[in-house]
Amino acid sequence: MNINTAFGNEILKQTHKLVKQHFPSIKVREAWVYKTDRQSWEFHGPDNFYWYGRASGACEARANGWFAYLRKMGVEE
């Protein structure tokens, strides 16, 4: 496993904990990501939430999407 993958996995694990802390009923595994080109990703989460941006891999894209969702919902951590 390379360093980007390890980092992405760890940041996603911590992000899932944060999401569950603030929104226990959300099923974090139902969110999904889609790679649009070399490093651009789409995140699709609860309530039709959508994020688009750069990430080094799918785990980092999910984490970025969840952080954007938390900011939208007023969670600042």
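Helices and strands are taken here as DSSP runs, numbered from the N terminus. The structure described is a predicted model. In these terms, H16 is found in helix α1, and the account below begins with that helix before turning to the core, the aromatic rings and a loop.

Helix α1 spans residues 3-22 and comprises 20 residues. The distance from its first C-alpha to its last is 29 Å, close to the 28 Å expected at 1.5 Å a residue. At the start of α1, the backbone nitrogen of T5 is approached by a side-chain oxygen of N2, which comes to within 2.7 Å.

The buried residues of α1 are G8, L12, T15, H16, L18 and V19. These residues lie on the same side of α1, because they cover an arc of only 165° around the axis. A general property of such helices is relevant here: an α-helix has 3.6 residues a turn, so residues three or four places apart point the same way. The exposed residues I3, K17 and Q21 are carried by the face of α1 that is turned away from its buried side. The cover over the buried residues of α1 includes helix α2, residues 58-72.

Within α1, H16 has a relative accessibility of 11% and therefore counts as buried, the limit being under 20%. When residues up to four places away in sequence are not counted, H16 touches V28, R29 and W66. The contact between H16 and W66 leads from α1 to the nonpolar core.

The largest nonpolar core contains 20 residues, and those with the most contacts inside it are I26, F43, W51 and W66. Two or more residues are given to this core by each of α1, β2 (residues 40-44) and α2. Helix α2 supplies the largest share, six residues.

The surroundings of W66 can be described in detail. With neighbours within four places in sequence left aside, W66 is in contact with L12, T15, H16, V19, I26, V28, A31, F43 and P46. Among these partners, L12, T15, H16 and V19 are buried residues of α1. W66 itself counts as buried, because its relative accessibility is 1%. F43, another of the core residues with the most contacts, is likewise buried, with a relative accessible area of 0%.

Five aromatic pairs are present in the structure. One of them is formed by F23 and Y69, whose rings are edge-to-face, at 5.9 Å centre to centre and with 65° between the planes. This pair links distant parts of the chain, since F23 belongs to the loop between α1 and β1 (residues 32-35) and Y69 to helix α2, 46 residues apart. F23 has a relative accessibility of 19% and so counts as buried, while Y69 is buried with a relative accessible area of 2%.

An aromatic pair is also formed by F43 and W66, with ring centres 5.3 Å apart and planes at 70°, so the arrangement is edge-to-face. Because F43 lies in strand β2 and W66 in helix α2, this pair ties together parts that are 23 residues apart in sequence. Ring pairs join F23, F43, F49, W66 and Y69 into a cluster.

Strand β2 also contains H44. The C-alpha atoms of H44 and A31 are separated by 5.6 Å, although the two residues are 13 residues apart along the chain. Apart from residues up to four places away in sequence, H44 touches A31, W32, F49 and Y50. In addition, the side chains of H44 and E42 are joined by a polar contact of 2.9 Å. A31, touched by H44, is also among the contacts of W66.

The loop between β2 and β3 (residues 50-54) includes D47, and N48 lies in this loop as well. As a general rule, most residues other than glycine have a negative phi. D47, although not a glycine, has a positive phi of about 55°. For N48, which is not a glycine either, phi is positive at about 60°. D47 counts as exposed because its relative accessibility is 66%, and N48 is exposed with a relative accessible area of 76%.

How values were computed
Residues numbered from 1 in each chain as written. Predicted model: local features only at pLDDT ≥ 70, side-chain atom pairs only at ≥ 80, totals over all residues. Heavy atoms only, no water. Helix = DSSP H or I, 4+ residues; strand = E, 2+ residues; numbered from the N terminus. Expected span 1.5 Å × (residues − 1). Buried < 20%, exposed > 50% of the residue type's maximum accessible area, 1.4 Å probe, protein only. Arc of directions from axis to C-beta. Contact = heavy atoms within 4.5 Å. Polar contact = N/O pair within 3.5 Å; in protein donor to acceptor, adjacent residues only side chain to side chain. Core = buried A, V, L, I, M, F, W, Y, C linked by side-chain atoms within 4.5 Å. Phe/Tyr/Trp six-rings, centres within 6.5 Å; stacked < 30°, edge-to-face > 60°.
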